[in-house]
Amino acid sequence: MKFSYNFLQSFFKEKLPTPEELASLLMMHFFEVEEVKKVGKDYVLDIDILSSRAGDCLSHMGVAREISAITGMKYEWPNTDIKSGKTEIEDQISVNVRNACSRYVLSGVEGLNVKKSPAYIQNRLRTCGLKPINNVVDIVNYVMLETGQPLHAFDAEKIEGEKISVRYARKREKIVTLEEKRLELNESVLVISDKQSAIGVAGIKGGIVPEVDENTKTIYLEAANFDPKVIRRGSRDIGIRTDASLRFEHGVPLEFAKIASDRVVSLITKIAGGRAMKGRIDQSFEEEKEREITFDAEEVRNILGTEVPLKKMEKILRALEFKVQRNESSFSVKIPFFRKDVERKEDVVEEIGRIYGYENIEPCQPKESIVVSQEKEEENIEDLCKNMWQGFGFSESYNYSFINETGASFYQKDNLLEVEKPVSLEFKYLRPSLLPELLRNLKENEKTFEEVMIFEIGKIFYKSSNNSAKEEKKLGIISSSDDFYSLKGKINVFLSNLFVGDISYSSYEKEDIFDGLRSATVSLNGEVIGNFGEISEKTRNKLKIKSKAVIADFDFERLLEFYKETKTYEPIARFPSVIRDLSVLVFGETRYIEVAEKIRKEGGKTLKELTLFDVYEGEELGKNRKSFAFRLYFQDKGKTLSAETINKLQEKIINALDEVSGWKVRKK
Amino acid sequence: MQKEDIEKIKKKFLKEFESTETSKERKKVCKKYMEEELSSVFASLKNLSGESKAEVGKAANEFKHFILSQKESEKKETQEQSKLDVTLPGKEPRLGSIHPLTKLQKRCEKIFTRMGFVVADGPEMENEWYNFDALNFKEDHPVREMQDTFFIKQEDREKLSSKEKLLMRTHTSPVQARYMEKNGPPLRIIVPGRVFRNEATDSSHEINFYQIEGLMVGKDVSVANFKAVMGSFFRQLFEGNVEIRLRPSYFPFTEPSFETDVSCSICEKKGCSVCDQTGWTEIMGAGMVHPRVLENAKIDPTEFSGFAFGMGVDRIAAIERKIDDARLFYSGDLRFLKQF
């Protein structure tokens, strides 16, 4: 909110610190001052009043009180003396509050002269961003800025019937605002109404009908307290936010209705002339109880970690208008009516702490003991994974947790979680997989880079079959510089280095983002942990991706279960190994694993290692034939193997392979 | 053997030497003449006498030195040829990159774990209870709307309890509540993680970003303790003698609440573009854990107290690395990512 320096000064006899000094004091003890700017002969201080203090500090009086507490300078409440005439307001008009209003105060002034308001009022309004209109309207706004209580003045002669009501609008009820804007209201908008129709949207905006203009002689002045929820909803529904609605939304202390009403009447009769009507209509439907909080100075010391002198505490609280009773270190304080935010002793400690100054608290290391956590350090494993993929040449990407319709089109809509009113359709659904965004990364980057290698570890969200919402962590990988086998190689190194378990691969066979025929499912000890392979033609066409890229998708949480820091040591072999090569002719569709398993089975324990070094498909092999070239490493833990033993074993393997119909070991 | 014979041999040598193509061949020629021709010349010396012996001997020696010098220059030449141009670029392995937010997060985690903090984690998809109610956000408090929350569409949402109403967490603070429920005091945790705001994006606002939440609860944990712990943290993070200062603020889940500023490590409080000429950078929201938050987690606020804080990782990374557009963090643009 914008505050006028001159306005703030009007509460003090002493000279205030300079605007800059004042801003820095407020910042350290109250709230942030976002700007200090010279406006004519005045300065504007833009103070960020947070919601906890909106009730008392969206007002110059509230901030003046803070200044007084911080600087020790004395401030005075504004004058509310009224000299009343003979006309009794209650003979003129009645008020009927039907809904959502906890207090309604109505006063009246007759015989006034509407003209321009004095320069000091006009200037202060302008400093605070309000436009001067005429003396009555300006004073009403001025007092709102002064006390924080929004008010409204009606031209008494323009009100139909001698009754004002507070009620909800009728369905499609219409009103024209002071700015001549036509509004159609709904039944949850609160209005002020005369006998005929709505004359104002309660707490938000006045209507044009009872407008105060240069011919106005008699006014009624409304100072009410409306239900914050109703004002917030109404303001949202009609799309109008005003200085008044802002204050009502946060809640205005009940007492201010009367104080502000008197202040306006006092100023109007002084400035615009006329006579105040006798008495006021004051309907209250709630009562504020005075709260009392007791605490000991020791509790203050325990929270702040410093000793604030008892007298100093007392002085701070009194300056903030708390009523203090102290017996040695034991305090009993009565909370002023305008401080709804102070509910318990911690709130009082904050008052002491901030005015005393947090800069006066000396840092002190905690004495509390440290508890060693028993939890698994998942974060560290995640780092190891990230570092490994970085080592493979991949860059870590962070993508949005949301996807748009295009991303969603790869999935069953029923399984997606949707967001209520997203700011942009780009964020309509929660991502059920990392892949759509990684595909987008590929598409964007392939304009600039020949090789795009990206990975991401992040959370995904979906609706499970029993309709419950799920959250899982995934590892996603995309590469335009790998093919299926080079990616498989990396995945195999990744899995076998960081995790413990038998790795197996099977065909993916579904057709979605992946090409079902050219993708695989990976398992550890038989448990599926992820899929990888080529992006399907359909996906690439749909997203207009040029590169023939491969992708991978791992269930990261499941993967973590296989992590083991300390694998058992395997003794280093003391005897040399012997190498033999073997080339096997098989059918075109024969899978590597079938042949390899056969060899392993026959080779037994002595066959230490088996590697494939060539796959050959030449015409001379015949139609639908190919050959696998294996390298076999024989080794025995206990002795050097003799040529004879190895020959025998090799013979056994060859025979077993030859026995399979259509397989043939090729003799060199 | 005459002096003229040696001249002939020399000519023959030169002819052979010059007809070679490789350094290896030239070495071979030198070797041949040294070992075969010259040794037979020297051997023949013993058949000569007097003046002719001296004359032929001298010529033979000169020839020997000639070959040696040829060999030497040849050697130099080969050495010269084997010399590497060290300015040629090396063959580089391909190395990827780690996201700058991961890097900063790790640095923060390391510093805090050295101070006895445990890294904790919680769901990104939260319910209203943990995100708001447990943290003392009152029902229908304007702050709930201020936070521009991503609520998840659910059937008959109004009928659900606040523990069933789902949303994307607006801060990492719900983990405070979750952790305290499971683990009683004393405790020190930090919670790095992704949070969400349903608001229009610009160069300093993203719909998702990262926070590091911290919580310390124990007997007599105070504002003075908070200042000390944060001072240690920021001095280590910014590698310098930075100062911290607390300013009053408001958060529903802390009381007292403060904004925490760190003195600008670039200009040392003199004022520069990074700190908007103020000498200070606002870096985290913090406060003493509100007693109602402790109560909600079944911790007795008369016995225990604590401090909590939350800072934006993206913002610190942006300041440190002079990144002027926060949206780059989530762009997946390799021109950006490969710099880290």
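Here are three short exercises on the predicted model shown above, each with a worked solution.

**Exercise 1. The overall form of chain A**

Work out whether chain A is spread out or a compact globule, starting from its helices and strands.

*Solution.*
- Begin with the elements: chain A holds 21 helices and 32 strands.
- Next, take the radius of gyration, which is 40 Å for chain A, and set it beside the 26 Å that the globule rule gives for 668 residues. The value for chain A is well over the rule, so the chain is more spread out than a compact globule.
- Then look at the box: along the principal axes, the C-alpha atoms of chain A fill roughly 130 × 65 × 45 Å.

**Exercise 2. Inside and surface of chain A**

Describe burial, contacts, exposed area and charge in chain A.

*Solution.*
- Start with burial: of the 668 residues in chain A, 53% are buried, with under 20% relative accessible area as the cut-off.
- Turn to contacts between residues at least 6 apart in sequence: 69% of them join residues at least 24 apart.
- For the surface, chain A exposes about 32,200 Å², and 46% of that comes from carbon and sulfur atoms.
- Finish with charge: chain A has 105 positive and 112 negative charges, and their mean positions lie 1 Å apart.

**Exercise 3. Where chain B meets chain A**

Find how many residues each chain brings to the contact, and which residues of chain B lose the most area.

*Solution.*
- Count the residues: 81 come from chain A and 81 from chain B.
- Add the area: the two chains bury about 7,100 Å² between them, with 55% of it on carbon and sulfur atoms.
- Now pick out the residues: B:Arg94, B:Pro248 and B:Leu334 lose the most area to chain A on the chain B side, together 10% of what that side buries.

Methods: Residues are numbered from 1 along each chain as its sequence is written. Chains are lettered from A and ligands numbered from 1 in the order in which they are written. This is a predicted model: local features need pLDDT of at least 70, side-chain atom pairs count only at pLDDT 80 or more; totals for chains, interfaces and linings use all residues. Side-chain values use heavy atoms; hydrogens and water are left out. Helices (H or I, at least four residues) and strands (E, at least two) are DSSP runs, numbered from the N terminus. The radius of gyration is taken over C-alpha atoms; the globule rule is 2.2 Å times the number of residues to the power 0.38. Buried means under 20% relative accessible area, exposed over 50%, partly exposed in between (1.4 Å probe, protein chains only). Contact means heavy atoms within 4.5 Å. Accessible areas come from the Shrake-Rupley method with a 1.4 Å probe; for residues, only the protein chains shown count as cover. Lys and Arg count as positive and Asp and Glu as negative; His and the chain ends are not counted. The place of a charge is taken as NZ of Lys, CZ of Arg, CG of Asp or CD of Glu. Buried area is the accessible area (1.4 Å probe) that two parts lose on being put together, summed over both.
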